[in-house]
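Here is a quick tour for anyone opening this structure for the first time. Have the viewer ready and follow along.

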Amino acid sequence: MSSSPGFGHPGFTWDDLQYFLAVARTGQLSVAARHLRTSHATVSRRIDRLEFALKVKLFERNPRGYVLTTIGQRFIDAAERMETEADRLQMDIASGSAAHQGVVRLSAPEGIANFFLAHQIGDFTHQHPNLSLELVTIQQIMSLSRKEADIAISLDPPKGGPYEIEKITDYRLNIYGARSYLADRRPVKKRDDLLLHPFIGYIQDMIFAPGLDYLGDVHPGIKPRFQSSSISAQLTATLQGQGLCILPHFIARRQPELELVLAREVQLTRHYFLVRHRDMSRVPRVRAVADYIASVVEDNRDAFLGN
């Protein structure tokens, strides 16, 4: 095999590149097949055909999946440039709802994903029946540069890079406890009283965004008794009376069993940003999702600000 892939080979087609990019990004034929809405065998056949046409080995096959070779790593940069140009061409020639087709992957923190966006998805899918939305809530930060996600909602936006960054809202956090828990405990009248109560919070060395590290902002002496990387688990523990917890208002407002603690004295503010790679920001399907998120957050601003 030669050491340099040639885009001008007569057996090469853009359609093959889509299969290549799907496997390169997922590392698994089965996952790539789901994204492309085709079969495992078809993806395998198209990758084999592409390698034969270009006379290069793009992937190493092993029991864990497909791993890019050195040539494959070089090839992906060129393939992504072609993908971007194809998306731009689609944007230029498409108009109206016809442009809103395909799949958009959105990465978002668990809190806003589970307790806000999931409640809004029905309206979006009704408005865009030909567009499929994937909502990723794993703790790690998805890479926009490697196309692991098309859009990200972030508490702490990237410091640099080819991104469009838009602050979509501030949001407020307060201390909450279950009414049943607070009824049987010593009252909290000042910050020092918080040290008399068990706290629920994030696992310190697993906090993936600085914006979530806020116990010290409330009182430097707080040591959480129960810790979880999941805000859902923290909420459940709080509702079960395991202690006090700092929660966003847009989550706590749906729980009538929760009661504010030191409402006037302790109120934290954090921010949500919408982040897109500049190459993808004008693609119609991506723009449709971004515009919807910004709009629905604006319509529910009081929920985030605690008004």
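## Starting in the sheet

Strand β5 and strand β11 (residues 268-277) are joined by four bridges and run antiparallel. One of the pairings to look for is S154, whose bridge partner in β11 is F273. Strand β5 also pairs with strand β3 (residues 102-107), this time in the parallel sense and over two bridges. There, L106 has I151 of β5 as its bridge partner.

So what about the faces of β5, which covers residues 151-154? Both are covered: I151 and I153 sit on one side, A152 and S154 on the other, and all of them are buried.

## Stepping back

Keep in mind that this is a predicted model. The protein has 11 helices and 11 strands. It is 307 residues in total, and 48% of them count as buried. About 15500 Å² of the protein is exposed, with carbon and sulfur atoms supplying 49% of that area.

How much of the contact network joins residues at least 24 apart in sequence? Among contacts between residues at least 6 apart, the share is 78%.

## The cores

The largest nonpolar core holds 61 residues, and the ones with the most contacts inside it are I112, I153, I175, L194, I246, F250 and Y272. Helix α10 (residues 284-299) gives this core its largest share, eight residues. There is also a second, separate core of 23 residues, with L68, F75, I76 and A79 among them.

F250 is a handy place to zoom in. Leaving out neighbours within four places in sequence, F250 is in contact with G111, I112, F115, F116, Y171, Y272, A303 and F304.

## A helix with a kink

Now for helix α5. Its 18 residues should span 26 Å at 1.5 Å a residue, and the C-alpha atoms at its ends are 24 Å apart, so the two values agree. Still, α5 has a kink of about 50 degrees, centred on L117. L117 is one of the buried residues of this helix, along with E110, G111, I112, A113, F115, F116, Q120 and F124.

Which helix holds Q120? That would be α5, which runs over residues 110-127. The relative accessibility of Q120 is 12%, and because anything under 20% is called buried, Q120 counts as buried. Apart from residues up to four places away in sequence, Q120 touches Y292, V296 and N300.

## Two loop residues with positive phi

Two residues are worth a look for their backbone angles. Phi of K55 is near 60 degrees, a positive value in a residue other than glycine. L262, also not a glycine, has a positive phi near 50 degrees.

Here is where each of them sits:

| Residue | Loop | Citation |
|---|---|---|
| K55 | between α3 (40-54) and β1 (59-62) | |
| L262 | between β10 (258-261) and β11 | |

Is K55 buried or partly exposed? K55 counts as partly exposed because its relative accessibility is 47%, and that label covers values between 20% and 50%. L262, with a relative accessible area of 11%, is buried.

Methods. Residues are numbered from 1 along each chain as its sequence is written. This is a predicted model: local features need pLDDT of at least 70, side-chain atom pairs count only at pLDDT 80 or more; totals for chains, interfaces and linings use all residues. Side-chain values use heavy atoms; hydrogens and water are left out. Buried means under 20% relative accessible area, exposed over 50%, partly exposed in between (1.4 Å probe, protein chains only). Contact means heavy atoms within 4.5 Å. A nonpolar core is a set of buried Ala, Val, Leu, Ile, Met, Phe, Trp, Tyr and Cys residues joined through side-chain atoms within 4.5 Å. The expected span of a helix is 1.5 Å times one less than its number of residues. The bend at a residue is the angle between axes fitted to the seven residues ending there and the seven starting there. Accessible areas come from the Shrake-Rupley method with a 1.4 Å probe; for residues, only the protein chains shown count as cover. Two strands pair if DSSP finds at least two bridges between them.
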